[in-house]
Amino acid sequence: MRACFIIETPFHLLNCLNYLYNYKKEKNIVADAYVCRQKQLTEETAKYLLETGLFKNVYMYDEKQTGLKEKISKLKKVFAPHRYIQEISGNAIKKIPRYEALYIAVPTNMIFALRQLLPEARIIYMDDGLGSYVNNVRTVSFEKSVRLLKKFNKKVPDFSGNEVWVNSAKYANTSVADKKMQLPELSSADDKLKKILYKVFNYKKTDDYKEHKMVLLTMPNDFSSDDFVKTNEAVLDIVAGQNDYIVRPHPREERDYKEHICDRSKNMWELIVSDDISDEHVLISMFSTAQVVPKLFFDKEPWIIFTYHLYENVYSEEVKKNIDSFFSMMKEIYRDKEKVVVVETREELKDILNRIESGK
């Protein structure tokens with residue numbers, strides 16, 4: 001089977017590598033990778049991917065455009081998808097093979113273009129983190145593109161999935177595909193797969209999480225909200241008041257946290273969890289995929305403290321309901337249910353961290 005893996009985040013790449021390593025021979029997959037260039041996915045990543053032997057070809061592309069060039073590019077995506085793909089790949093992708101399957105996390109501009117060229121290919125979704133568990137899949141808005149296609153009586157791409165592969169199928173709540181499939185457990189990865197993952201993600205062992213148990217997992221300001229910024233600072237001050245803390249910046253965040261104890265390794269979180277996170281750790285965040293990785297991937301039970309109720313005018317009520325629902329599920333599947341906490345006030349956050357640190 002000729003397949004294309006469209007990879008736009010390190011998390012998606014991790015899941016694709018896990019899947020392909022385990023099923024390449026069984027499913028007779030001849031795979032190409034289309035990798036979206038970003039800070040954590042570079043030409044060096046592409047080089048390592050080729051060296052794994054899992055992919056026949058690896059191509060980089062870049063969707064970052066502005067102004068008139070962006071508008072023209074979006075028109076090409078709709079009316080000249082092949083030229084669009086050639087353009088954003090720097091002409092590296094000259095000809096699109098007749099792929100039988102497209103492996104994706106969420107529909108994006110590249111996938112919109114590919115789907116127009118390959119309407120018969122199977123769409124296979126891969127785990128998208130929280131989006132796969134609270135039915136909140138993130139997509140690029142195609143509203144204008146769809147209107148243009150309909151105006152000129154052209155077929156609108158169908159993104160219905162044949163399968164969705166997730167790390168915890170029994171807990172996944174997603175409607176992107178009818179068939180939910182379980183990815184091989186990373187906790188059971190053999191030495192060869194671990195070696196591949198360490199190489200591709202440039203993983204370097206540290207003692208950061210052996211020395212610090214209280215972890216603040218930050219979030220980028222995707223909300224354009226003053227309340228978000230103010231609450232972030234208040235939460236950071238409370239966590240930094242503990243003796244044993246470390247800040248883990250979100251990969252898309254620019255702040256260096258130089259005045260704080262900070263994880264500067266840039267190691268992939270899932271690999272850190274596998275090696276160093278234990279039941280004794282405390283993971284604090286607004287609401288992050290990183291907090292649920294230990295349980296869903298490795299059946300570890302660190303404290304997970306959600307602060308999203310502290311953030312006013314940031315989430316819609318519908319999103320809050322989805323998150324509340326997922327919080328309830330996490331509490332249900334934890335053996336030690338008191339370790340799953342949603343704080344309602346800053347004082348409550350300060351109190352529970354003090355109690356955990358003192359061992360009371």
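# Worked exercises on a predicted model

Ser358 sits in helix α13, which covers residues 346-358. The model used here is a predicted one, so treat what follows as practice in reading it.

## Exercise 1: Ser358

Work out which accessibility class Ser358 belongs to, and how far Ser358 is from Arg37 in sequence and in space.

*Solution.* Start with accessibility. The relative accessibility of Ser358 is 45%. The partly exposed class lies between the 20% and 50% cut-offs, so Ser358 counts as partly exposed. Now the separation: Ser358 and Arg37 are 321 residues apart along the sequence. From C-alpha to C-alpha, the two are 45 Å apart in space.

## Exercise 2: α13 and its partner α9

Describe how α9 and α13 pack: angle and axis distance, handedness, and the residues that meet.

*Solution.* Two numbers get you going, since a packed helix pair is described by the angle between the axes and the distance between them. For helix α9 (residues 226-240) and α13, the axes come within 10 Å and cross at roughly 25°. That angle makes α9 roughly parallel to α13, because angles under 35 degrees fall in that class. The crossing is right-handed. Next, go through the contact residues. From α9 come Lys230, Thr231, Ala234, Val235, Ile238 and Val239; from α13 come Arg346, Leu349, Lys350 and Leu353. Sorted by class, this contact of α9 with α13 has six nonpolar, one polar and three charged residues.

## Exercise 3: α2 against α7

Is α2 roughly parallel or roughly antiparallel to α7? Give the class make-up of their contact too.

*Solution.* Helix α2 (residues 43-52) packs on helix α7 (residues 191-200) at about 160°, and the axes are 9 Å apart. The cut-off to use is 145 degrees, since angles over it count as roughly antiparallel. So α2 is roughly antiparallel to α7. As for handedness, α2 and α7 make a right-handed crossing. On the α2 side, the residues are Thr45, Tyr48, Leu49, Glu51 and Thr52, and they meet Ile196, Lys199 and Val200 of α7. The contact of α2 with α7 divides into four nonpolar, two polar and two charged residues.

## Exercise 4: α4 and α5

Find the class of the α4/α5 packing angle, then say how covered α5 is.

*Solution.* Helix α4 (residues 81-88) and helix α5 (residues 109-117) have axes that come within 9 Å and cross at roughly 140°. This makes α4 oblique to α5. The crossing is left-handed. Pro81, His82, Tyr84, Ile85 and Ile88 of α4 make the contact with Asn109, Met110, Ala113, Leu114, Gln116 and Leu117 of α5. The classes come out as eight nonpolar, three polar and no charged residues for the contact of α4 with α5. Turning to burial, α5 is mostly covered, with seven of its nine residues buried. Those are Asn109, Met110, Ile111, Phe112, Ala113, Leu114 and Arg115.

## Exercise 5: a buried lysine

Is Lys76 buried or exposed, and which residues does Lys76 contact beyond its sequence neighbours?

*Solution.* First place the residue: Lys76 lies in helix α3 (residues 67-79). With a relative accessibility of 17%, Lys76 counts as buried. Skipping neighbours within four places in sequence, Lys76 is in contact with Pro81, Arg83, Tyr84 and Glu87.

## Exercise 6: positive phi in two loops

What is unusual about phi at Asn28 and Lys266, and where do these residues sit?

*Solution.* Recall that most residues other than glycine have a negative phi. Asn28 has a positive phi, near 50°. Its place is the loop between α1 (10-23) and β2 (30-36), and at 53% relative accessibility Asn28 is exposed. For Lys266, phi is also positive, near 65°. Lys266 is in the loop between β9 (245-248) and α10 (269-276), and Lys266 is exposed at 67% relative accessible area. As for α10, six of its eight residues are buried, so this helix is largely enclosed by the rest of the structure. The buried ones are Trp269, Glu270, Leu271, Ile272, Val273 and Asp276.

## Exercise 7: counting disulfides

How many disulfides are there, and why does Cys4 not form one?

*Solution.* A disulfide needs two cysteine sulfurs within 2.5 Å. For Cys4, the closest cysteine sulfur is in Cys16, 9.8 Å away, so it is too far for a bond. The count comes to zero disulfides. Finish with burial: Cys4 is buried at 0% relative accessible area, and Cys262 is buried at 12% relative accessibility.

Terms used. Residues are numbered from 1 along each chain as its sequence is written. This is a predicted model: local features need pLDDT of at least 70, side-chain atom pairs count only at pLDDT 80 or more; totals for chains, interfaces and linings use all residues. Side-chain values use heavy atoms; hydrogens and water are left out. Buried means under 20% relative accessible area, exposed over 50%, partly exposed in between (1.4 Å probe, protein chains only). Axes are lines fitted to C-alpha atoms, for helices over the stretch in contact, and angles run from 0 to 180 degrees between N-to-C directions. Helices (H or I, at least four residues) and strands (E, at least two) are DSSP runs, numbered from the N terminus. Angles under 35 degrees count as roughly parallel, over 145 as roughly antiparallel, 65 to 115 as roughly perpendicular and the rest as oblique. A crossing is left-handed if the near helix is turned anticlockwise from the far one by less than a right angle, and right-handed if clockwise. Contact means heavy atoms within 4.5 Å. Ala, Val, Leu, Ile, Met, Phe, Trp, Tyr, Cys and Pro count as nonpolar, Asp, Glu, Lys and Arg as charged, and the others, Gly among them, as polar.
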